[in-house]
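Biologist: I would like to learn how to read a few local features, and I would be glad if you took them one at a time, giving the general idea before the particular case.

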Amino acid sequence: MQPWVQYLICGVAGLALGAGAAVQRVRTGAFGASTTIGPWSTGKDFGTTGASAYTRAVVSLRGILALPAHEARYYNAAVDSAGQPLDGKCRYRVTGKAIPAKWWSLTLYDHPGYLVANQANIFSVASAKVSNPASWSVIVAPAQQAGLWLPTGRIDRFELTLRTYLPDDGGVGNLTRDQLPSIVKDGC
């Protein structure tokens with residue numbers, strides 16, 4: 001075989017492998033240039049002019065409307081506080097304290113980033129529904145629960161996104177582990 005044919009084959013194979021790896025990384029990526037805080041991860045360059053190509057690709061693929069950091073900060077969890085993947089057949093308790101922002105929402109998505117269909121048509125819980133902002137809890141489970149409940153639709157894996165709107169610090173920093181809610185599995 002001619003050397004130029006070998007080079008061509010290697011070049012095409014390298015491009016295909018590189019493109020495939022890039023697509024896989026974006027599809028499984030959290031929020032771009034991310035920081036992990038307990039079970040939560042957050043991007044540092046959302047909604048900024050300095051957002052990396054990777055962050056822009058993740059935002060584009062995941063369908064997140066990334067507002068500037070001074071307007072909203074986003075925290076995503078694909079695992080519970082023990083580090084285990086979130087399973088749609090199990091019951092979880094998401095417990096939090098007062099979040100230093102004007103308001104917040106907690107939304108359940110499937111792994112590709114879509115809302116999970118459920119008969120109750122409940123997709124998100126907002127701080128306006130919380131009776132005691134200093135100590136609140138949301139149950140995430142396949143079957144209907146008393147109180148604040150996010151249905152999992154019994155999917156294999158799901159993710160939770162916590163959005164904090166108009167953060168008290170103007171969006172310049174991340175919430176700490178103590179400020180973010182815990183995610184504890186109650187059983188399957």
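Biologist: Which side chains does N76 meet in polar contacts, and at what distances?

Modeller: This is a predicted model, and in it the side chain of N76 is joined to that of E159 by a polar contact of 3.2 Å, while a polar contact of 3.0 Å joins the side chains of N76 and T161. As for its setting, N76 belongs to strand β3, which covers residues 72-77.

Biologist: Is N76 buried or exposed?

Modeller: The relative accessible area of N76 is 6%, and because buried means under 20%, this residue counts as buried.

Biologist: How should I read the sheet, and in what order do its strands stand?

Modeller: The general idea is that strands of a sheet pair through backbone hydrogen bonds, either parallel or antiparallel. Here an open sheet of six strands follows the order β1-β2-β3-β9-β5-β6, and the pairing is antiparallel. At its edges stand β1 (34-37) and β6, and since each of these has a single partner strand, one side of each is left without a neighbour in the sheet. Direction ignored, neighbouring strands of this sheet are turned against each other by 20 degrees on average.

Biologist: How many bridges pair β5 with β9, and which residue of β9 stands opposite W103?

Modeller: The antiparallel pairing of β5 and β9 extends over nine bridges, and Y165 in β9 is the residue that stands opposite W103.

Biologist: How many aromatic pairs does the structure hold, and why is the pair of W103 and Y165 classed as it is?

Modeller: There are three aromatic pairs in the structure. In one of them, the ring centres of W103 and Y165 lie 5.5 Å apart with their planes at 25 degrees, and because planes under 30 degrees apart count as stacked, so does this pair. The pair links distant parts of the chain, for W103 in strand β5 and Y165 in strand β9 are 62 residues apart. The accessibility of the two partners can be read as well: W103 is partly exposed at 42% relative accessibility, whereas Y165 is buried at 18%.

Biologist: Which residues of strand β4 form its covered face, and which the uncovered one?

Modeller: In a regular strand the side chains alternate between the two faces of the sheet. In strand β4 (residues 91-97), the covered face consists of Y92, V94 and G96, and the uncovered one of R91, R93, T95 and K97.

Biologist: Which strands are joined to β4 by bridges?

Modeller: One is strand β10 (residues 182-187), which runs antiparallel to β4 and is joined to it by five bridges; within this pairing, S182 in β10 is the bridge partner of T95. Another is strand β7 (residues 135-141), also antiparallel, with six bridges to β4, and there V138 in β7 is the bridge partner of V94.

Biologist: What should I make of the phi values of N121 and R154?

Modeller: As a general guide, most residues other than glycine have a negative phi. Phi of N121, however, is positive, near 55 degrees, and phi of R154 is positive too, near 60 degrees. N121 is found in the loop between β5 (101-110) and β6 (124-126), and R154 in the loop between β8 (149-151) and β9 (158-167).

Biologist: Are these residues, N121 and R154, buried or exposed?

Modeller: N121 has a relative accessible area of 56% and is therefore exposed, and R154, at 53% relative accessibility, counts as exposed as well.

Notes: Residues are numbered from 1 along each chain as its sequence is written. This is a predicted model: local features need pLDDT of at least 70, side-chain atom pairs count only at pLDDT 80 or more; totals for chains, interfaces and linings use all residues. Side-chain values use heavy atoms; hydrogens and water are left out. Helices (H or I, at least four residues) and strands (E, at least two) are DSSP runs, numbered from the N terminus. Buried means under 20% relative accessible area, exposed over 50%, partly exposed in between (1.4 Å probe, protein chains only). A polar contact is a pair of N or O atoms within 3.5 Å; within protein, one must be able to donate a hydrogen and the other to accept it, and residues adjacent in sequence count only if both atoms are side-chain atoms. Rings of Phe, Tyr and Trp (its six-membered ring) pair if their centres lie within 6.5 Å; planes under 30 degrees apart count as stacked, over 60 as edge-to-face and the rest as tilted. Two strands pair if DSSP finds at least two bridges between them. Axes are lines fitted to C-alpha atoms, for helices over the stretch in contact, and angles run from 0 to 180 degrees between N-to-C directions.
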